[in-house]
Amino acid sequence: MDIGIISDIHGDYEALETALDRLDNYHQVDHILCAGDLVGRGPDSDAVVSRIRERGIPAVRGNHDEWLYGLSPENTVINKIVINTLLLNITLISPVTAIRT
């Protein structure tokens, strides 16, 4: 099973789409996880969070996500089910057999 991990998107929707495209089409990963910092700095934090939610990508909150930079109310709700699913998947995945760059 191949897993792609994204992080530090910081509100850059174009960078997110590029990363997702590469993980889907070049690396052809089975699952994508997000290690946080979706928002901040870039102009499209709300669009970034919405895209992650649309794709159902499990994510943890980074320090920039804590600050919430004016996201819409539906994107500021902490989804404990997603966090628990991420933790369960990490437990089931280890040990990692291969890392592709």
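Contact here means heavy atoms within 4.5 Å. By this criterion, Asp30 touches Met1 and Asp2, with residues up to four places away in sequence not counted. The model is predicted. Asp30 lies in the loop between α1 and β2. Its relative accessibility is 46%, so Asp30 counts as partly exposed, since partly exposed covers values between under 20% (buried) and over 50% (exposed). Asp30 and Gly4 are 26 residues apart along the chain. Their C-alpha atoms are separated by 7.9 Å.

The protein has 4 helices and 2 strands. From the N terminus, the order of elements is β-α-β-α-α-α. Of the 101 residues, 32% are buried. The accessible surface comes to about 6,600 Å². Carbon and sulfur atoms hold 53% of that surface. Among contacts with a separation of 6 or more, 79% are between residues 24 or more positions apart.

The two strands come next. β1 and β2 run parallel and are joined by 4 bridges. The chain passes from β1 through α1 to β2, and this β-α-β crossover is right-handed. Gly4 has Ile32 of β2 as its bridge partner. Ile6 stands opposite Cys34, also in β2. In a regular strand, side chains alternate between the two faces of the sheet. β1 shows such alternation along its length. Gly4 and Ile6 point to one face and are buried. Ile3 and Ile5 point to the other face and are not buried.

The loop between β1 and α1 contains two residues with positive phi. Asp8 is found in this loop. Its phi is near 55°, a positive value in a residue other than glycine. Asp8 has a relative accessible area of 44% and is therefore partly exposed. His10 lies in the loop between β1 and α1 as well. The phi of His10 is about 50°, again positive although the residue is not a glycine. Is His10 buried or exposed? His10 is buried, because its relative accessible area is 9% and the cut-off for burial is under 20%.

Nonpolar side chains tend to be buried together in soluble globular proteins. In this model, the largest nonpolar core has 15 residues. Ile6, Leu16, Ile32 and Leu38 have the most contacts inside this core. The elements that give two or more residues to the core are α1 (13-26), β2 (31-34) and α2 (45-55). Two of the residues with the most contacts in the core, Ile6 and Ile32, also appear in the strand pairing: Ile6 opposite Cys34, and Ile32 as the partner of Gly4.

Which residues does Leu16 contact, leaving aside neighbours within four places in sequence? They are Ile6, Ile9, Val48, Arg51 and Ile52. Among these contacts of Leu16 are Val48 and Ile52, both buried residues of α2. Glu17 is found in helix α1. Its relative accessible area is 25%, so Glu17 is partly exposed. The C-alpha atoms of Glu17 and Val48 are separated by 8.9 Å. Along the chain, Glu17 and Val48 are 31 residues apart.

Helix α2 has an identifiable buried side. Its buried residues are Ser45, Val48, Val49 and Ile52. Seen down the axis of α2, these residues fall within an arc of 95°, so they line one face of the helix. What covers them includes β1 (3-6) and α1. Gly56 follows α2. The phi of Gly56 is positive, near 65°.

Definitions and conventions: Residues are numbered from 1 along each chain as its sequence is written. This is a predicted model: local features need pLDDT of at least 70, side-chain atom pairs count only at pLDDT 80 or more; totals for chains, interfaces and linings use all residues. Side-chain values use heavy atoms; hydrogens and water are left out. A nonpolar core is a set of buried Ala, Val, Leu, Ile, Met, Phe, Trp, Tyr and Cys residues joined through side-chain atoms within 4.5 Å. Buried means under 20% relative accessible area, exposed over 50%, partly exposed in between (1.4 Å probe, protein chains only). The arc is that of the directions from the helix axis to the C-beta atoms. Accessible areas come from the Shrake-Rupley method with a 1.4 Å probe; for residues, only the protein chains shown count as cover. Two strands pair if DSSP finds at least two bridges between them. A crossover is right-handed if, with the strands pointing away from the viewer, the path from the first strand over the helix to the second runs clockwise.
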